[in-house]
Amino acid sequence: MKRIWLAAGFAALLALGFAITRGDAQPNTLIAPGVWFREGDLVNQEHCNNVIIEMKDYLIVVDANYPSGARLAMADAKKVSSKPVKFVFDTHHHGDHTYGNAVWTGEGAMTIAFQGVADEMKRYEPARWRDTMKERKDVADMHRDTPEPPQQTFTDSPHVITDGTRRVEFYYFGWAHTRGDGLVYLPQERVLCTGDAAVNGPYNFTGDGNIGNWPKVLDGALKLKVDHVLPGHGGAGGKEILVGQRAFMIELRKAVQAEASKGKKLDDLVQTANGKPVAKLQLPDAVKTWVSAESLPDQVKDAYHEVTTGKAAGDLPH
Ligand SMILES: [Zn+2]
Ligand SMILES: [Zn+2]
């Protein structure tokens, strides 16, 4: 259980290495008319990214973020538009995407998500919220025993919100990063917001995931006409984020499978040096954006459990 926070810590460490010059969140970047990308401060605050989508009379925000991230995203939304935030879409249940829910609903927004997000919350909460309260002041300061679940959930995919000026489609393609991964697609603008089903950098947490099924989810995303990919972590980009993220999951599983079929044990693949886990596995250069020495050991462990048990990593006790 501690591992998820450890993974976040590693991601933060890593981001430091990669973006030593960039300590702060990137301010709103205009992606298309009325669509802004806000890169969260992963390094210092473990915030996720947000997307602000302008409708005729209101705004839709992608991801609630942590409470402190929610307040920053809210302030940024006010900078780009005087319209109220009506909907906040939780891409998945992780704290960096949902623990700010009550901040948004307190300001009159409605939180929405696929049913799988609420189900995952029931599965893992309130244990994770209570652990996080010990680590994060913004979560402790909410004075709640448990995270606020999304207020409205749906199971139809795509779930569509449209008001005549813009069409927003919410897709569920299956279990990748979590059982509830929702993606947001703007067909006219060819913009896809992926949550953590696709990230732009070595930020993949696989503990609640399904590495074997992950590429199929991205196959679904790749069927959409996409010019802009706005990930849950890391910078904005294009389709190459989907392609690379998909390849990473395939190569990870393939490399682990090859070693396991040679009789290698987990202890052979993940060793310890100077008190730190080290993955004894080489992945192709083509996926190096998604690989880091800090995050690979846990990913190898999860992939190893998947190939040897035939179960998804997230289905195993953790
Ligand atoms: Zn995240
Ligand atoms: Zn996540």
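This is a guided tour of a predicted model, moving from the whole chain to the two zinc ions and then to selected helices, loops and backbone features.

**The whole protein**

Begin with the complete chain in a cartoon view, where 12 helices and 14 strands can be traced. The C-alpha trace spans about 60 × 45 × 40 Å along its principal axes, and the radius of gyration is 19 Å, which agrees with the value near 20 Å that a compact globule of 318 residues would have. Switching to a surface view shows an accessible area of about 13200 Å², of which 52% belongs to carbon and sulfur atoms; buried residues make up 58% of the 318 residues. If contacts are drawn between residues at least 6 apart in sequence, 67% of them join residues at least 24 apart.

**The first zinc ion**

Next, select the zinc ion (ligand 1) together with its protein donors, which are Asp96 (OD), His97 (NE2), Asp196 (OD) and His233 (NE2), at distances of 2.1 to 2.3 Å. Along the chain these donors follow the spacing D-H-x98-D-x36-H. The angles among the 4 donor atoms run from 84 to 161°, and the site is classed as irregular. Aspartate 96 and histidine 97, which contribute two of the donors, are both buried.

**The second zinc ion**

Keep that selection and add the zinc ion (ligand 2), which lies 3.4 Å from the zinc ion (ligand 1), with aspartate 196 coordinating both. The donors here are His92 (NE2), His94 (ND1), His177 (NE2) and Asp196 (OD), again given as 2.1 to 2.3 Å from the metal, and their spacing along the chain is H-x1-H-x82-H-x18-D. This site is likewise irregular, with angles of 86 to 173° among its 4 donor atoms. To see how the site links distant parts of the chain, colour histidine 92, in the loop between strand S5 (85–89) and helix H4 (95–98), and aspartate 196, in the loop between strand S11 (191–195) and helix H9 (214–222); the two are 104 residues apart. Both histidine 92 and aspartate 196 are buried.

**The cysteines**

Now select cysteine 48 and cysteine 193, bearing in mind that a search of the whole structure finds 0 disulfides. The closest cysteine sulfur to that of cysteine 48 is in cysteine 193, and because the separation is 11 Å, the two are too far apart for a bond. Both side chains belong to buried residues, with relative accessible areas of 0% for cysteine 48 and 1% for cysteine 193.

**Helix H6 and its surroundings**

Move to helix H6 (residues 115–124) and show the side chains of its buried residues, among them Val117, Glu120, Met121 and Tyr124. The buried residues of H6 pack against H4, helix H5 (101–106), strand S6 (110–114), helix H7 (127–135) and strand S7 (152–154).

From here, select glutamate 148, in the loop between helix H8 (137–140) and S7. Leaving aside neighbours within four places in sequence, glutamate 148 is in contact with Asn101, Ala102, Thr105 and Met121, the last of which is one of the buried residues of H6. Glutamate 148 has a relative accessible area of 18% and therefore counts as buried, the limit being under 20%.

**Backbone features to inspect**

Most residues other than glycine have a negative phi, and most peptide bonds are trans. Against that background, four places merit a look at the backbone.

- Glutamate 125 and proline 126 are joined by a cis peptide bond with omega of about 10°, and proline 126 sits in the loop between H6 and H7.
- The bond from serine 157 to proline 158 is also cis, with omega near 0°; proline 158 is found in the loop between S7 and strand S8 (159–162).
- Arginine 190, in the loop between strand S10 (183–186) and S11, has a positive phi near 55°, and its relative accessibility of 30% makes it partly exposed.
- Asparagine 274, in the loop between strand S13 (270–273) and strand S14 (276–279), has a positive phi of about 50° and, at 83% relative accessibility, counts as exposed.

Note on methods:
Residues numbered from 1 in each chain as written. Chains lettered and ligands numbered in written order. Predicted model: local features only at pLDDT ≥ 70, side-chain atom pairs only at ≥ 80, totals over all residues. Heavy atoms only, no water. Donors = N, O, S within 2.8 Å, 3.2 Å for Na, K, Ca; no water. Tetrahedral: all angles 85-135°; square planar, octahedral: opposite > 155°, others 65-115°. Buried < 20%, exposed > 50% of the residue type's maximum accessible area, 1.4 Å probe, protein only. Disulfide = S-S within 2.5 Å. Helix = DSSP H or I, 4+ residues; strand = E, 2+ residues; numbered from the N terminus. Rg over C-alpha atoms; globule rule 2.2 N^0.38 Å. Contact = heavy atoms within 4.5 Å. Areas by Shrake-Rupley, 256 points an atom, 1.4 Å probe, with all protein chains shown as cover.
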